[in-house]
Amino acid sequence: MSEERFGEFVLVRRHGHVAELVMDRPKAMNAVSTEMARSLSAACAALAADRDARVVVLTSSHERAFCVGADLKERNSFSDADLLRQRPVTRGAYTGVLELPMPTIAAVHGFALGGGFELALSCDLIVADRTAVVGLPEVSVGVIPGGGGTQLLPRRVGAARAAELIFSARRVEAAEAAGLGLVDRLVEEGRDREEALALGAAMAGNSPVGLRAAKRALRLGHGLDLRAGLEVEDAAWRSVAFSGDRAEGVAAFNEKRKPEWPGE
């Protein structure tokens, strides 16, 4: 297993074709400071360009928190001009995760609040353990979810449910979160990372070309009418139909062996 650090607060660990993107600011429960946001953006840019990374799993090094959101202590010292200058930096961290071209899984335990929950929502799937507490409490401190929450949450649970959660600013514990669809898989305490990495490894056994094309079709087609969505799907199919991965997949199936994906 290899490791690469991006600044002080972000680490990428390699588990074969699974890249673990680790938020590593334990003294602040992974509160997203300007520096941490820059590091997340840089790590995501590197991963997006890495053809060897087939799946990304977003994890936390803190025992009791995934991420508590924006660094409000840092924000408290900001002038209005400082806040305006910070906005594209922090936004880049959230969009960096959201726009990763391969499947992404968040491994959540403890607090995932505000921007922390938005980072999880930016992933394709959320695995949470029974200690997880999620929510978007931004209106309770005079702002709104600004890391994608107002757009990602209704796409996940519907407009009315998202409105209730955002307007109430309430925290939702793991069992209810699973019931509402705020997380996708609920696991025993302390097993979120292990289960997410195992799920990622299972996905990473599939064609990297196929995985990226399937994600592209899912993301671009969401919200379109059926006819337009099927055109998006057709374009994604055409991008893989004549690939080396498709040829290898068919050959391996017929030869009853495990594929050796060229990744192109």
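Student: Which residue in strand 4 does Val18 stand opposite?

Tutor: In this predicted model, Val18 stands opposite Val55 in strand 4.

Student: What makes strand 3 and strand 4 a pair?

Tutor: Two strands pair if at least two bridges are found between them. Strand 3 and strand 4 (residues 55-60) have six bridges, so the requirement of at least two is met. The sense of the pairing is parallel.

Student: To which sheet do these strands belong, and in what order do its strands run?

Tutor: Strand 3 and strand 4 are part of an open sheet of seven strands, whose order is 1-2-3-4-6-8-11 and whose pairing is mixed.

Student: Why do strand 1 and strand 11 stand at the edges?

Tutor: Strand 1 and strand 11 (185-187) each have a single partner strand, so one side of each has no neighbour in the sheet. On average, neighbouring strands of this sheet are turned by 20° against each other, with direction ignored.

Student: What is the order of the open sheet of four strands?

Tutor: The order of that sheet is 5-7-9-10, and its pairing is mixed. Strand 5 (65-67) and strand 10 (172-173) are called edge strands because each pairs on one side only.

Student: How do you know that strand 5 and strand 7 pair?

Tutor: Strand 5 and strand 7 (residues 111-113) are joined in the parallel sense over two bridges. The cut-off is at least two, so two bridges satisfy it. Within this region, Cys67 stands opposite Ala112 in strand 7.

Student: Let us turn to the helices. Why is helix 9 called roughly antiparallel to helix 10?

Tutor: Helix 9 (residues 208-221) packs against helix 10 (residues 226-241) at an angle of about 165°, and their axes are 9 Å apart. Angles over 145 degrees count as roughly antiparallel, and that makes helix 9 roughly antiparallel to helix 10. The crossing of these two helices is right-handed.

Student: Which residues of helix 9 and helix 10 meet?

Tutor: From helix 9 come Val209, Gly210, Ala213, Arg216, Ala217, Leu220 and Gly221, and they meet Val232, Glu233, Ala236, Ser239 and Val240 of helix 10. Sorted by class, the contact of helix 9 with helix 10 has seven nonpolar, three polar and two charged residues.

Student: Why are helix 5 and helix 6 oblique to each other?

Tutor: The axes of helix 5 (residues 149-157) and helix 6 (residues 159-168) cross at roughly 130° and come within 7 Å. An angle has to be over 145 degrees to count as roughly antiparallel, and 65 to 115 counts as roughly perpendicular. The angle of roughly 130° fits neither range, and helix 5 and helix 6 are therefore oblique. The crossing is right-handed. On the side of helix 5 the contact is made by Gly149, Thr150, Leu153, Pro154 and Val157, and on the side of helix 6 by Ala159, Arg161, Ala162, Leu165 and Ile166. These residues divide into seven nonpolar, two polar and one charged.

Student: What makes helix 1 oblique to helix 3?

Tutor: The axes of helix 1 and helix 3 (residues 80-98) come within 8 Å and cross at roughly 40°. Roughly parallel would require an angle under 35 degrees; a crossing of roughly 40° makes helix 1 oblique to helix 3. Helix 1 passes helix 3 in a left-handed crossing.

Student: How do you know that Glu3 forms a salt bridge with Arg13?

Tutor: The closest N and O atoms of Glu3 and Arg13 are 3.0 Å apart. The rule asks for a side-chain nitrogen within 4 Å of a carboxyl oxygen, so this pair qualifies. Glu3 lies in strand 1 (residues 3-6) and Arg13 in strand 2 (residues 10-15), 10 residues apart. Arg13 also meets the side chain of Glu20 in a salt bridge, at 3.5 Å from N to O. By this rule, the count comes to 18 salt bridges.

Student: What is notable about phi in Met29?

Tutor: Most residues other than glycine have a negative phi. Met29 is not a glycine, yet its phi is positive, at about 50°. Met29 is placed in the loop between strand 3 (18-23) and helix 1 (34-48). Lys256 also has a positive phi, near 55°, in a residue other than glycine. Lys256 is found in the segment after helix 11 (244-254).

Conventions:
Residues are numbered from 1 along each chain as its sequence is written. This is a predicted model: local features need pLDDT of at least 70, side-chain atom pairs count only at pLDDT 80 or more; totals for chains, interfaces and linings use all residues. Side-chain values use heavy atoms; hydrogens and water are left out. Axes are lines fitted to C-alpha atoms, for helices over the stretch in contact, and angles run from 0 to 180 degrees between N-to-C directions. A crossing is left-handed if the near helix is turned anticlockwise from the far one by less than a right angle, and right-handed if clockwise. Contact means heavy atoms within 4.5 Å. Ala, Val, Leu, Ile, Met, Phe, Trp, Tyr, Cys and Pro count as nonpolar, Asp, Glu, Lys and Arg as charged, and the others, Gly among them, as polar.
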